[in-house]
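Trainee: I should like to go through the reasoning behind the terms applied to this model. May I put my questions one at a time?

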Amino acid sequence: MPEPSPSIVRLREFLELLDVPSSTLKRDPRGRTWLPPEIGALVESDAECRAELVRFVEREIELFDSVRQRNDPLFAKDVLNATHAVEIAGAGLDPRVRSWILGLFYALATIAGYATLAPLFGLSERGSVLAQARAALGLASEATSPSAWGLAAVGAAVALALLLAFMPSRRPSSRA
């Protein structure tokens, strides 16, 4: 694409900063009333600048016309209906219980992230993740099955989290 002429660059820089109402653009598309004299002279003397101004005016009018909308007298009602309170599972939980659930899932996410990223950082060379976990939990004997312990721990954590999340809670009554 050829480099635009200096006069086109100057006109485009001016038009980018310009804020003219669409009614003015429709009434005077050639810019005789709203262009400063030096830019007006530039447009009159250069055919490329005239074409650029016509393109600018057409795009601006199209933009103004595309965003025009009818007033909606029921807009406030629609917004209020869309924002009605919705019962969210676990919304009535005690904040301490909710913190425990979040902590549990953060811990599970951390373990999953470690298991995924350990080989990338060379941590897997120290033994398998299960072997590291067994050593950390003091279950390093060969008699215990690490997959059974891991499965039992994850199953218990998930069951506890689901039980606490969906347990109905009593809300204090607001009667005085």
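Mentor: Let us begin with contacts. In this predicted model, residues 24 or more positions apart account for 58% of the contacts with a separation of 6 or more.

Trainee: What makes a pair of residues count as a contact?

Mentor: Contact requires heavy atoms within 4.5 Å. A C-alpha separation is another quantity: for E16 and F56, 40 residues apart along the chain, the C-alpha atoms are separated by 9.5 Å.

Trainee: Why is E16 called exposed?

Mentor: The relative accessibility of E16 is 65%, and exposed means over 50%; therefore E16 counts as exposed. E16 is placed in helix α1, residues 6-17.

Trainee: Why is V154, in helix α8 (residues 146-165), called partly exposed?

Mentor: V154 has a relative accessibility of 41%. Buried means under 20% and exposed over 50%, so V154 falls in between and counts as partly exposed.

Trainee: What makes V154 eligible for a nonpolar surface patch?

Mentor: Patch residues need over 30% relative accessible area, and V154 has 41%. V154 makes the patch, of about 360 Å², together with V158, L162 and F166.

Trainee: How many helices and strands does the protein have?

Mentor: There are eight helices and zero strands, and the pattern along the sequence is α-α-α-α-α-α-α-α.

Trainee: What share of the residues counts as buried, and what area is exposed?

Mentor: Of the 176 residues, 17% count as buried. The protein exposes about 14,100 Å², of which carbon and sulfur atoms supply 63%.

Key: Residues are numbered from 1 along each chain as its sequence is written. This is a predicted model: local features need pLDDT of at least 70, side-chain atom pairs count only at pLDDT 80 or more; totals for chains, interfaces and linings use all residues. Side-chain values use heavy atoms; hydrogens and water are left out. Helices (H or I, at least four residues) and strands (E, at least two) are DSSP runs, numbered from the N terminus. Buried means under 20% relative accessible area, exposed over 50%, partly exposed in between (1.4 Å probe, protein chains only). Accessible areas come from the Shrake-Rupley method with a 1.4 Å probe; for residues, only the protein chains shown count as cover. Patches are made of residues with over 30% relative accessible area and no salt bridge: like charges are joined within 9 Å, nonpolar side chains (Val, Leu, Ile, Met, Phe, Trp, Tyr) within 5 Å. A salt bridge is a side-chain nitrogen of Lys or Arg within 4 Å of a carboxyl oxygen of Asp or Glu.
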